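Colleague: Please take a close look at one part of this model. I would like the strand pairing, and then whatever helps to place a helix.

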Amino acid sequence: MEEKDQFHAIAVSSDVVLKSVPDLPQLPPRTYTHVDVPETSLTNIAVPHPSEEEQYQHFLQEKAALRAHYEPFLQELYTKKVAPGFVQELVDFDYRKETAEDRADFANVLGYRGNWEAVKLPHYVGPAGRWNAYYYTTLTVQEIRKDRRYLLRFEAVDYVATIYLNGRMVKEHEGFFAPFYIDVTDYLHEGDNTLVVQVHDDYVTQGSIVNGLTNVGPKIYAATSFGYNDPYDGWHHCPPGAGIVGKVTFEERPLYRIEDIYVRPDIDKGEVYVRTEIINGTNTSEKEKVFSLGLTLEGRNFKETVFTDKKQKLERLEIDENWIESTFSIPNFRLWTQNEPYLYELTVDLYDENGNLVDTAHQHIGMRQFSMDENSKPYKGAFYLNHERIILRGANEMGHFPRAVMEHHDEHIIDDILTAKVAHLNFYRLTQRPVFEKIYTYFDMMGMLMQGDFPFFGSITYRCLPEAYKQVVEMERLTRSHPCVVVETLCNEFFDAQETGRKQYSINRYQAEDFFEAAQKIIHLENPDRVLKLNEGDYAPLPNTWGVSDFHCYTLWYIAHAMDAGRMNKGYLPGVNAEWYTSCGEYGVDGLDSYEIMKKYAPKDWLPKNINDEWYPNVIAKGQCFNLLPGFVMEQEHILDWIRVSRAYQKDAIKQYVHMLRRRTDRIESTAVHLLIDAWPMGWTKALVDVDRIPKPAYYAFQEANIPFRVSLRRDRYSLYAGEAAKVEVYLLNDCPMVKKGKLVATVYQNDKAVASFGKDVMADPCNETYVGDVNWKSEEGELVIKAQLISDDPHDEVTYDEVNYAIAPALKPTPTRPRILGDAAKPLEVLFSGETNSKVVFTDDKYYFNHRQEIETMVKEGKRVVLFFENPIHVFDDDVPLWKHPNPGNNMASNYLHINPESPLCEGIGLEEFKNLYNKDRDYQDISAWYKYFWKDSTPILYMPINQEMPDKNHLGKKEVVALKRFGKGELILSTLSNIAGFVGENPVFDRLIQNLATKGLI
């Protein structure tokens, strides 16, 4: 059974599944008074086009320079103190899945019966779904001291962990990311102790697809886990499984111990608030004993002692938890910034009444402030870092950081942070889940910001709400003391229960607002300073929802997702709350891994036996290139060609995404590509960098597009007729918090010859896009290229370039004969024809056909060619012609690029990849070629869209026709669902050529 592509299905259905929530209107483009950039002296612009190898070497050099810069900030220069007692890491366990015998008699497990295998922690396996497994080990204790407590501490277990010590259940914990501990003193004995951990996996709240069926369960988990080394089930998207994924330690601790230190810096006052959690493990309140704290503050990654052993007398310590508050000042403190992430180290000592050290603990501090101004103008929700406006440019992360921790590759954590910084990024979105403590600490040390996500995706089930509130607390306690974590979200791509058929067990969009409000209050109890973005990728935004909104946009992969690309390029944005800033938390497009990566890691059945054998990417488990890439480029037949065209398209699309989003920085203050680095080989090929940390070509385009101060060219037309004016809008993109100035020049090249230059001194607004003006040039037949160069007045800034190319066709020449036109839809096409009417060719539309069916069918039978433009289901002769509209549950998308049938005379003069990017003069932007497609049995395709239905074999997609021909009697009927023909005609040489061919070529 072929597994459903749930992410494509989400994209396809996202426009239609939430009709119980009123649609918000799309945001219009920013308006400008158009002016021409003045002409200047002719300037040749040499846009650099380095080879991929040259780019890679430069990437390594830039990364090495950044590594040298951040190396001092990775130091630990403070005085380290070791707490009394010991910590023993437990690594070796025996493991097996649950059997029917275990369910009948649990003594099988406790008695170590059955077939066990030796494993080392961390350990994580699949499949997704509902199952149990067991970990077994022997814990040898030499001595149990009466003045100590003994703990088992788990860094993370996915999903429900039930702990048995010496046959006694001592703890149950639910959740895959939060640390937890058990005081096992009362269940321990000297000698050998048996420790059994039962791990229970379950169906996730979004729904786990098992054997082709979606099962919704109570597991709070989004769409990204740790993954496991199984190319068929464990690589793609780091799918859910279960296991002990973090460290397990056995600890001897004092009766009174420091369990947690929460720090809350205030850079305005130069103070730090501290809340120290002290555990009294004696089972009695200590009314007589007098304790005190001693606080020492030093530089962590720089040499400085602020104060030592500052004493604070304590009240009596109650049983279990006690929270001790402290506040201290740091004169002339060093600010934590992204470029200079200075950290302090706080040492907290606990003393008894005699001044003896009882326990000690450390917590680092970054003196920084991240805030969201709820009253900012012109839109609410402006982000500030240390009182300075900031635009967040980032990337989604889906497993490579946790995998680095689990495989003990700290160098990968450092390397992956540097890879983001080389690309001019300032944050990672740790997508859809909290992560290990070590990852946050490295981000702190290297000045990389982070957005953390709570692991809800799509829907929130009623039964998991109590557990969700508990895990919200666990998430915040894990992240609150880390300066890197600046934003958190509570759900990814929420879908309304009523419209997704989940009403019987999931909350609806309005109830989700109540959950968000309650969770926000809980988080602010734990950390009053936390900035929240409630719903990441909101497919059902409400008009009065509090906070910065977020949308996801895959319009260059899932066609017209969020909105069609031409409309977005024009400057429109999806419907969001108009009063607040917004963000785009996901955008991206696939590009296959290199042949070298495939040879190194892929199973043999994923590769051709010989390099020139036929090969198709459908062999890659759960990959999307086979199904979706042909929506943008030609299908290929060999592995190297598939790799080449997919990576080339990914490179072009990523550049287009970044420029479109940055040209709306007036509204969008945060963006994150999906993804930057792959966690597994061919795991999620939207990644711009493969699992071996080798960038794809798209990474370099992404890096260049993200240069903080750069030039950007925007146009709506991609082809012209000779004599028409090419119009290009010139923008400055400035992510910096200060005004930027520079020298702009744009040069027009006609058939490789520089013919004119335009330019001026420019000034860019801070954290915004700035419109400079238009470059207009009357074209000549051939090729027209406009190149732009921006040289900043700041010598530290890079010189940036942009360029656009036009194909210039000969001036439009009407045909010497014209078809007979019946009905209104085809009347705009008359401009393509002249002379006498050819009675053998008829253009008509579905409205006319429905009223004159017999007349039209008779014309065909008697030998005429009838071209029928339609956008409604139709029955012609004895054929029912099913019509697919964008979007629908059949995973049918709209079409921008249409494939031609090169064997048809009706495609004469049309290139194989030419029918795309059509300009609609009525809307003044590049528009969708066809919103509708159809399947017409036994017809001959002329224009079509490949799609994974009616596939002739497993290696070739089926065809959904947009223009197709079929013979009836002596004549021919051509059906066309080309959209926007009134706006396309006369503006697009390839469209006009096709229409003229339909009237003149291959006539019987």
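Modeller: What follows goes through strand pairing and then one helix. The model is predicted.

Start with the open sheet. Six strands make it up, in the order β1-β38-β37-β40-β41-β35. The pairing is mixed. β1 (39-40) and β35 (719-721) stand at the edges. Each has a single partner strand, so one side of each is left without a neighbour in the sheet.

Now go inside that order, to β37 and β40. Strand β37 covers residues 740-750 and strand β40 covers residues 782-792. The two run antiparallel, joined by nine bridges. Within this pair, A746 stands opposite A788 of β40.

Next, strand β3, residues 92-97. It pairs with strand β4 (residues 117-120) in the antiparallel sense, over four bridges. Y95 has E117 in β4 as its bridge partner. β3 also runs antiparallel to strand β5 (residues 131-141), again with four bridges. Here R96 is matched with Y134 in β5.

Last, helix α18, residues 989-1000. At 1.5 Å a residue, its 12 residues should span 16 Å, and the end C-alpha atoms are 16 Å apart, which agrees. The surroundings come next. Of the 12 residues of α18, 10 are buried, so the helix is largely enclosed by the rest of the structure. Buried here means under 20% relative accessible area. The buried residues include P989, V990, F991 and D992. Also buried are L994, I995, Q996, N997, L998 and A999. Just after α18, G1002 takes a positive phi of about 65°.

Conventions:
Residues numbered from 1 in each chain as written. Predicted model: local features only at pLDDT ≥ 70, side-chain atom pairs only at ≥ 80, totals over all residues. Heavy atoms only, no water. Pairing = 2+ DSSP bridges. Expected span 1.5 Å × (residues − 1). Buried < 20%, exposed > 50% of the residue type's maximum accessible area, 1.4 Å probe, protein only.
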